[in-house]
Amino acid sequence: MTTTFPATNYDFTTFTPARNLIGGEWRDPSSSHAKQEVINPRFGKAMSTVAMSGADDVDAAVRAGSAAFAGWRDWPIRERAQVLYRLRELLIRNIDELSWLISHENGKVFGEAKAEVEKGIECVDYGCSLPNLAAGNQLEVSRGVACEVVYEPLGVVAGITPFNFPLMVPLWMLPQALVGGNAFILKPSERVPLSSLRLADMLAEAGLPKGVFGVVQGGREVVEAICDHPRIMAVGFVGSTKVARAVYARTSSHGRRALCLGGAKNHLVVVPDADVELTSENVTASFTGCAGQRCMAASVLLAVGKVDHILDRVKERAAKITPGKDLGPVTTDAALKRITGYIDDAERRGAKVVLDGRGAKASGGDGGYWVGPTIIDHCTLDMPAATEEIFGPVLSVVRVESLEKALEIENANPYGNASSVYTSSGDVARRVIGRVEAGMCGVNIGVPVPREPFGFGGWNDSCFGHGNITGWDGYRFWTRQRKITSKWAQQKDQTWMS
Ligand code: NAD
């Protein structure tokens, strides 16, 4: 059991080192691998360390998972779901502690961290409901012959997660994988490994048998060992497109299943009849929330025709956001430099920085990686700020004359995570939503995350593999279907049953 995280405010607080959970025991990596610092981005200062593990640790977790799987798979699904009911209670009871831990390791402000835990709880709710949904199907297909479909676990499976949602993204995968009867190995981002410690404690307290959940801390070496391990039967990945593509290719080259969600460049189409207050509030929240470090964040605003009255209001609202209080830092010094690099470059190429977050400071956050809300107007498509994922609180505005042009730009982008349209016309909304190349679409909503039970997942370069990672698709991903066809001779004689 790890100690609880004591912070109740943003004051710098250290936490226990992040180690591996193998067979229910916390362990250091088996051979001497390097340790890496876990930096609190608000201060740019190490609050803990993380064990950078290797292939032998992945193998140990798989062996422990396989041993535990043998018993876990035989638990009736209702009993497996009971563990999630108890986990749900623990998440609710400890929501403030978890939110402060997320805020410290990731940087997002407390309210955003709490929203993350709440969304994670919603995913657990879905897992709790699976015994009512996963009944399978049965049909008498001809006289005396019945076909039946049942969902069975795969065995040991693994999830690899990014830095921006240390608790929620693991909870996109865990509920379906565990209720489905698998043993699950989590490889958290080495930048935010600490939430996984408390999640593991809570799963143990909820009654999950030892070894069913394992954690292997580390980076690329661990990821590649997961892709290559012959007894890891499925890999869920969430992170950047470059790594998602590589993990998908590597895992599927071994004939095993993978679902890998990648990066994004989300476009918002704003037309002149959009409601000014609703649109400006929504757009601002979308590009600044979690310091723009959300795969669903607004990144490019396609301003169709005369929408200056709306853009002015977005700028007014965004200018009122205070770094440190309403907005957290970005994840690393390298991210800060990358983000400000995009802004400098667009400016050099002729765009107008109408709201400038470069050089932002936050009171009490000395040494942190701060960039304030930034709006770059009159971006053109030769500017990387208009076409590449920035992953910071930056909105690139591209002016276009027509809806057709807006759609052309949106659809030329290789990503396909999210897209939104702001309008009061049903016709415009339908035309945009019916044609954009994006898996998750919003009408007057800047962060169109499908709430449970609808599955989360994008298209094109934002998702490699088939389907969504949450909802029913998630359950199908972490299970396999057995099809049973039965026919019995009619009983004529007396048997031992009579
Ligand atoms: P990342 O790709 O750098 O890291 C994700 C995971 O991959 C981490 O666990 C990391 O340890 C591992 N990793 C990093 N480099 C690797 C390599 N070369 N080989 C093997 N493994 C490697 O992503 P990140 O910076 O942690 O997260 C931000 C990215 O994730 C953004 O691109 C964002 O859009 C994306 N994201 C996507 C979604 C989605 O649902 N599509 C959700 C959240 C984040």
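**Figure 1. A salt bridge within helix 6 joins the side chains of Asp201 and Arg198, with 2.9 Å from N to O.** In this predicted model, the two residues belong to helix 6, which covers residues 195-205, and they stand 3 residues apart, about one turn of the helix. An α-helix has 3.6 residues a turn, so residues three or four places apart point the same way. Asp201 has a relative accessibility of 4% and therefore counts as buried, the cut-off being under 20%. Arg198 is likewise buried, with a relative accessible area of 3%. The pair belongs to a structure in which a complete search finds 34 salt bridges.

**Figure 2. A salt bridge in helix 11 links Arg348 with Asp345.** The closest N and O atoms of Arg348 and Asp345 are 3.8 Å apart, a value that falls within the 4 Å allowed for a salt bridge. Because Arg348 and Asp345 are 3 residues apart in helix 11 (residues 333-348), about one helical turn separates them. The two partners are described by opposite words where accessibility is concerned: Arg348, at 65% relative accessibility, counts as exposed, whereas Asp345, at 15%, counts as buried.

**Figure 3. Arg431 and Asp427 form a salt bridge in helix 14.** Here the closest N and O atoms lie 3.5 Å apart. Arg431 and Asp427 are 4 residues apart in helix 14, which runs over residues 426-435, so about one helical turn lies between them. Arg431 counts as partly exposed at 38% relative accessibility, and Asp427 is also partly exposed, with a relative accessible area of 47%.

**Figure 4. A network of salt bridges links Lys119, Glu122, Arg451 and Glu452, and a cis peptide bond follows Glu452.** The network is made up of Lys119, Glu122, Arg451 and Glu452. One of these residues, Glu452, is joined to Pro453 by a cis peptide bond with an omega of about 15 degrees. Pro453 is placed in the loop between strand 19 (440-443) and strand 20 (459-460). That loop, between strand 19 and strand 20, also holds Asn444, whose phi is near 60 degrees, a positive value in a residue other than glycine.

**Figure 5. His378 takes a positive phi, near 55 degrees, although it is a residue other than glycine.** His378 is found in the loop that lies between strand 15 (374-377) and helix 12 (384-387). With a relative accessible area of 41%, His378 is partly exposed.

**Figure 6. Strands 5, 6 and 22 form an open antiparallel sheet.** The sheet consists of 3 strands in the order 5-6-22. Strand 5 (137-142) and strand 22 (479-487) stand at the edges and have a single partner strand each, so one side of each of these strands is left without a neighbour in the sheet. From one strand to the next, the twist averages 25 degrees. Strand 6, which covers residues 145-153, pairs with strand 22 in the antiparallel sense over 9 bridges, and the bridge partner of Glu152 in strand 22 is Arg480.

**Figure 7. Helix 5 is mostly covered, with 12 of its 12 residues buried.** The buried residues of helix 5 include Met168, Pro170, Trp172, Met173, Pro175, Gln176 and Val179. At 1.5 Å a residue, the 12 residues of helix 5 (residues 168-179) should span 16 Å, and the end C-alpha atoms, at 17 Å from one another, agree with this expectation. Just after helix 5 comes Gly181, which takes a positive phi of about 100 degrees.

**Figure 8. The protein chain is divided into domain 1 and domain 2.** Domain 1 comprises residues 20-262 + 462-482, and domain 2 comprises residues 266-443. The contact between them takes 15 residues from domain 1 and 25 residues from domain 2. The C-alpha centres of domain 1 and domain 2 lie 31 Å apart.

How values were computed: Residues numbered from 1 in each chain as written. Predicted model: local features only at pLDDT ≥ 70, side-chain atom pairs only at ≥ 80, totals over all residues. Heavy atoms only, no water. Pairing = 2+ DSSP bridges. Axes fitted to C-alpha atoms, helices over the stretch in contact; angles between N-to-C directions. Buried < 20%, exposed > 50% of the residue type's maximum accessible area, 1.4 Å probe, protein only. Expected span 1.5 Å × (residues − 1). Domains from an automatic or database assignment. Contact = heavy atoms within 4.5 Å.
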